[in-house]
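Dear colleague,

I am passing on the structure we spoke of, and I would be glad if you kept it open while you read the notes beneath it.

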Amino acid sequence: QLTPSSFLRIGQLSNVDLNEDIHELETEVPRQRPNEIPHNEKLLSLKYESLDYDNSENQLFLEEERRINHAAFRTVEIKRWVICAMIGILTGLVACFIDIVVENLAGLKYRVVKDNIDKFTAKGGLSFSLLLWATLNASVVMVGSMIVAFIEPVAAGSGIPQIKCYLNGVKIPHVVRLKTLVIKVCGVILSVVGGLAVGKEGPMIHSGSVIAAGISQGRSTSLKRDFKIFEYFRRDTEKRDFVSAGAAAGVSAAFGAPVGGVLFSLEEGASFWNQFLTWRIFFASMISTFTLNSVLSVYHGNAWDLSSPGLINFGRFDSEKMGYTIQEIPIFIFMGVVGGILGALFNALNYWLTMFRIRYIHRPCLQVVEAMLVAAVTATVGFVMIYCSRDCQPIQGSSVAYPLQLFCADGEYNSMATAFFNTPEKSVVNLFHDPPGSYNPMTLGMFTLMYFFLACWTYGLTVSAGVFIPSLLIGAAWGRLFGISLSYLTKGSIWADPGKYALMGAAAQLGGIVRMTLSLTVIMMEATGNVTYGFPIMLVLMTAKIVGDYFVEGLYDMHIQLQSVPFLHWEAPVTSHSLTAREVMSTPVTCLRRIERVGTVVDILSDTSSNHNGFPVVESNPDTTQVAGLRGLILRSQLIVLLKHKIFVERTNLNLVQRRLKLKDFRDAYPRFPPIQSIHVSQDERECMIDLSEFMNPSPYTVPQEASLPRVFKLFRALGLRHLVVVDNRNEVVGMVTRKDLARYRLGKEGLEELSLAQT
């Protein structure tokens, strides 16, 4: 049913990331923007590049590898371990910084508002308190949103989808920059202090990845500093492995869950994995948790007592009091179903909201206004709920940080305030551990309803913030409600402890939203310090994932799709065996000869309409009648380095010895290769010849044009390729398969659908 003519032959339009020059181009474009940007999720964007996960085995590379003896190899291995330790330490320190600053600033804000409320409760005029709270929130969030919207938009959100794409092999501009890290950390502090329904756990994963990418390169391109260390790791393959270690260290700093971090990196992040990597990543995660633990222990004044392993500590669940019985397992499964349905609802609402945002709220100033609006609304909702709640609990024996009295009798506090008038992390712990009877069912029901919509509205704002904690909080609230109603039904039987159901509800809700199974089970087990709940948590998460997947995809996958990223999943679409490489590939291919005129190379690289990134090299004796067979593949970045160093000779003396380039010259230009426009080639130099034979990769991967799509896909995906040359039976180049050509095919509701490609 798919004819080759119906295929849009736009593939292969890869764009180079001209970091330095994009800014200059942006300023020249006149600033009129449309009010509505038409956005279609059935598009694949062409602004995303692939990363070169496949090493180019040219003569330079092979010579260097042959020179490395056993001792040198051992040094490289030791360097890898050192880098992993440094990643762990720095990620832990960043997490400490975020935690301490948030604790102090949020404490200050809540104290000010609490004093104000106490003052005005006595003499009337509580609307002033509401104004104060809303203004404080909105102004803090305004700063946090402005730095993200105007300085580094990549730092918005939790950053997990972006890291997932990076590890899959997509180059998302600016995603692992130092600037992104600074904005991310400041932004997450401001948005949590600003009282939004967000957590500071998700962004830790992005921060860890940026730290890892920075350290492993031994230099900072943003600061223009080169420390001349770790030069061996300046290529995409090595950088990728360290970034997956950074993501794991981020998770383990956030939840105090080193094993969970490794599994998270395996399940959500890394698309490529090996055993050595697992052990190094586990090492980085352990170091990160330990660093956080020791620094926070010193900060809290008990230096020898390592009691705070993660940013969020769910507190210990006692296994004696809190076992579970066989007859509770159906109840847990039912909770999983509820979590899956609610999670699917959350994702569907967020999907429509994000589509609306992409279409209408695309100007930075509008984005800041929206973030301030959400902050003010969050404060107002919280205030109104606390004001209308008549749920009073005795103060003594309770561990409330900021007890609000309002209209309660002396010695009592408002229990709605423990949920709203607190950072979300503290509220989660309260819902898990407060003794039975601390909450009125009405309070919990209203809270769940309100917080569900607030969290859904908040995710996708232009602030850096995670969705982990809000979803745990929603789940803990309805789980506790569920537990209370169970104990009503069973006349207060001992096994219906609300705290246990709060934990299961939290797991179900988070699983229904982000659809992680393995890593989430382990993270919940490690964060609660209790292995007995492993099985029920696993059951809950599995049912939540199965039920949720029946309706919509997970939140992160959905956002990847909304940004039109050419993301390659593990397998090709199931029904794609009918397609062959001939129908998928892009043609015609721009080839270079082995000894090519410099002018030709410059013209090909400067051609903006094609903008290819890899060029097959063919045999270059035009006089004979033999076929121009494929001899190798050379990348745009390599050609640019050759032109920059002027590695070419005049026509007449072709056998002259040129100045030798080292692999170091290529590594020094990585990762921001200069654009072709910045390289000046004079008219005489255009007539020179350039010999590509020692720089091209002489053994590129090729497929015959009859190969089926799943076979091409497997080869491309498993080896992390960027270009796959399609040849005919005479070894002539007939086409080229790139990431966009494979990511175009997706299983839709009606079967296999093909996405069109767009320049945006």
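What follows is a description of what was found in it, arranged by topic.

Please bear in mind throughout that this is a predicted model.

I begin with the interior. The largest nonpolar core has 155 residues, and those with the most contacts inside it are Ile 386, Phe 420, Phe 421, Phe 432 and Phe 468. Helix α3, which spans residues 70–123, gives this core its largest share, namely 15 residues. Because domain 1 (85–300) and domain 2 (320–563) both contribute residues to the core, it lies between them. As general background, nonpolar side chains in soluble globular proteins tend to be buried together.

Helix α18, residues 518–528, is likewise mostly covered, with 8 of its 11 residues buried. The buried residues of α18 are Ser 519, Leu 520, Thr 521, Val 522, Ile 523, Met 524, Ala 527 and Thr 528. Just after the end of α18 comes Gly 529, which takes a positive phi of about 65°.

The salt bridges deserve a careful look, and the structure holds 26 of them. One of these joins Arg 722 to Glu 49, with the closest N and O atoms 2.6 Å apart. This pair links distant parts of the chain, since Arg 722 sits in the loop between α26 (709–719) and β14 (724–727) while Glu 49 belongs to strand β2 (residues 49–50), and the two are 673 residues apart. Arg 722 has a relative accessible area of 13% and is buried, and Glu 49, at 3% relative accessibility, also counts as buried.

A salt bridge is also formed between the side chains of Glu 238 and Arg 80, at 2.9 Å from N to O. Glu 238 lies in helix α8 (residues 236–255) and Arg 80 in helix α3, so this pair ties together parts that are 158 residues apart in sequence. Glu 238 and Arg 80 are both buried, and they belong to a network of salt bridges that links them with Glu 77, Arg 235 and Arg 280.

A further salt bridge brings together the side chains of Glu 328 and Lys 500, with an N to O distance of 3.1 Å. Here too distant parts of the chain are linked, with Glu 328 in the loop between α10 (275–299) and α11, Lys 500 in helix α17 (residues 498–514), and their positions 172 residues apart in sequence. Both Glu 328 and Lys 500 are buried.

Turning to the strands, there is an open sheet of 3 strands in the order β8-β10-β11, and its pairing is mixed. The edge strands are β8 (592–593) and β11, each of which pairs on one side only. Strand β10 (residues 614–618) pairs with β11 in the antiparallel sense over 5 bridges. Within this pairing, Gly 614 stands opposite Leu 635 of β11, and Pro 616 has Leu 633 of β11 as its bridge partner. Although β11 is an edge strand, 5 of its 6 residues (630–635) are buried, so this strand is largely enclosed by the rest of the structure.

Elsewhere, strands β16 (residues 745–748) and β17 (residues 751–754) run antiparallel and are joined by 4 bridges. A hairpin of 2 residues connects β16 to β17, and Tyr 745 stands opposite Glu 754 in β17.

On the surface, Leu 345, Leu 349, Leu 449 and Phe 453 form a nonpolar patch, which together has about 350 Å² of accessible area. Helices α11 (329–360) and α15 (441–458) each supply at least two residues of this patch. Leu 449 has its place in helix α15, and at 47% relative accessibility Leu 449 counts as partly exposed.

One last residue to look at is Thr 380, found in helix α12 (residues 364–388). Thr 380 has a relative accessible area of 30% and is therefore partly exposed. Thr 380 and Leu 131 are 249 residues apart in sequence, yet their C-alpha atoms are 8.5 Å apart in space.

With best wishes

How values were computed. Residues numbered from 1 in each chain as written. Predicted model: local features only at pLDDT ≥ 70, side-chain atom pairs only at ≥ 80, totals over all residues. Heavy atoms only, no water. Buried < 20%, exposed > 50% of the residue type's maximum accessible area, 1.4 Å probe, protein only. Pairing = 2+ DSSP bridges. Patch = residues over 30% accessible without salt bridge, like charges linked within 9 Å, V, L, I, M, F, W, Y side chains within 5 Å. Areas by Shrake-Rupley, 256 points an atom, 1.4 Å probe, with all protein chains shown as cover. Salt bridge = Lys/Arg side-chain N within 4 Å of Asp/Glu carboxyl O. Core = buried A, V, L, I, M, F, W, Y, C linked by side-chain atoms within 4.5 Å. Domains from an automatic or database assignment.
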